[in-house]
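I opened this notebook to record two look-ups: how a pair of helices packs, and how the cysteines are placed.

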Amino acid sequence: MNESIAIAWPTDDELRAVGETKVLFGHQSVGADILDGVARVYLGASVPAPVIADVSSGEDASDGTLLHACLGVNGEPLSKFAAFAELLDTPVAEGVDVALMKLCYVDVTASTDVHAVFDAYLSMMADLEAAHPDVRFLYTTVPLTADRGWKSKIRALLGGDDRMGPADNVARERYNTMVREKYAASGRLVDIAAVESAGTDERSQDGHTYYVLNQSLTLDRGHLNEAGSEAVAAELLKTVATYSPVA
C-alpha cells in the first residue's frame, strides 16, 4: 500500500546556512534525483538557492556552493569510494566545508559482500577525515528499492537479476544497520534509507527483516519522483545546515 509521509522541511535559517556553505556531493543517478529535490525545496522558500555546479562535467566550480560529481561505476562500490577520495585531492575540493558521497541501490545487492563494502567505506572515511581535518564529512545509508512488480518477479524466477528483490533489500538493510551503528551517534548521518522507507512496514525474507522504498516516493521502484526527491533533499539540507560553519 502506498503511504504518504510527513517531511521535516528545513527552515529558512537552515536553507540560508546551506547557501553559505560550500558542499561537495559525490553520487550517481539517485543523487541527481536528490539534487532536483534541493532545487524544488528552495523554490518554495524565500531564501535564494545555492549555485549547483556539476564538476564532473566541467562546470565552473568557482561560483558554486553545492558542487557535485558522478562517481565511479554503478554496481562497483569500491570504484565510487576511490573516485570520491581522488576528488577530495583535486583543486575542485579547495575551500569545501562539508563533503559526502552516497552509493546507489545497485551497489549493494544480494550478491554483495556487505561486510567488505562497509569495511572499505569505514577505511575511506577515516582516511579522508585524517587527510582533510577542515572538512566536515557526512555519512549516508544506501538507498532502497520498492517491491518487485509482477513482471520483475517473473524475470527473477527465470534467472534475471533486476536487483530489486527482497534479498537485495535484505543486503541493504545489513549494510545500513552497520552504517547506523557506526555513525548515527555522530549526528552527521544522512539516513536516505530511513526517509525512503517512511510509511512502510518492516518485512521479512528467510528470517531476515528488511525495509522497502515507499512506492509513493518512486518513479520506477528505484529512482525518486518529486515527492521522494524533496523528502530526501530536505533531510540532506537540514543535516548540512547543522554542520555549516555559519550555523
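Entry one, helix packing. I worked from a predicted model. I looked up the handedness first, and the crossing of α4 and α6 is right-handed. I then took the geometry: helix α4 spans residues 114–131 and helix α6 spans residues 166–183, and the two pack at an angle of about 30° with their axes 10 Å apart. Because angles under 35 degrees count as roughly parallel, I entered α4 as roughly parallel to α6.

Next I listed the residues in contact. From α4 I noted Val-114, His-115, Val-117, Phe-118, Tyr-121, Leu-122 and Met-125. On the α6 side they meet Ala-171, Arg-174, Tyr-175, Met-178, Val-179, Lys-182 and Tyr-183. I sorted the contact of α4 with α6 by class and recorded 11 nonpolar, 1 polar and 2 charged residues.

Entry two, cysteines. How many disulfides does the model hold? I recorded a count of 0 disulfides. Cys-70 is in no disulfide, and the nearest cysteine sulfur, that of Cys-104, lies 9.0 Å away. I checked the pair from the other end as well: the closest cysteine sulfur to that of Cys-104 is in Cys-70, and 9.0 Å is too far for a bond, because a disulfide requires sulfur atoms within 2.5 Å.

I also asked of each cysteine whether it is buried or exposed. Cys-70 has 42% relative accessibility and therefore counts as partly exposed. Cys-104 has 1% relative accessibility, so I entered Cys-104 as buried.

Terms used
Residues numbered from 1 in each chain as written. Predicted model: local features only at pLDDT ≥ 70, side-chain atom pairs only at ≥ 80, totals over all residues. Heavy atoms only, no water. Buried < 20%, exposed > 50% of the residue type's maximum accessible area, 1.4 Å probe, protein only. Axes fitted to C-alpha atoms, helices over the stretch in contact; angles between N-to-C directions. Helix = DSSP H or I, 4+ residues; strand = E, 2+ residues; numbered from the N terminus. Parallel < 35°, antiparallel > 145°, perpendicular 65-115°, else oblique. Left-handed = near helix turned anticlockwise from the far one by under 90°. Contact = heavy atoms within 4.5 Å. Nonpolar A, V, L, I, M, F, W, Y, C, P; charged D, E, K, R; others polar.
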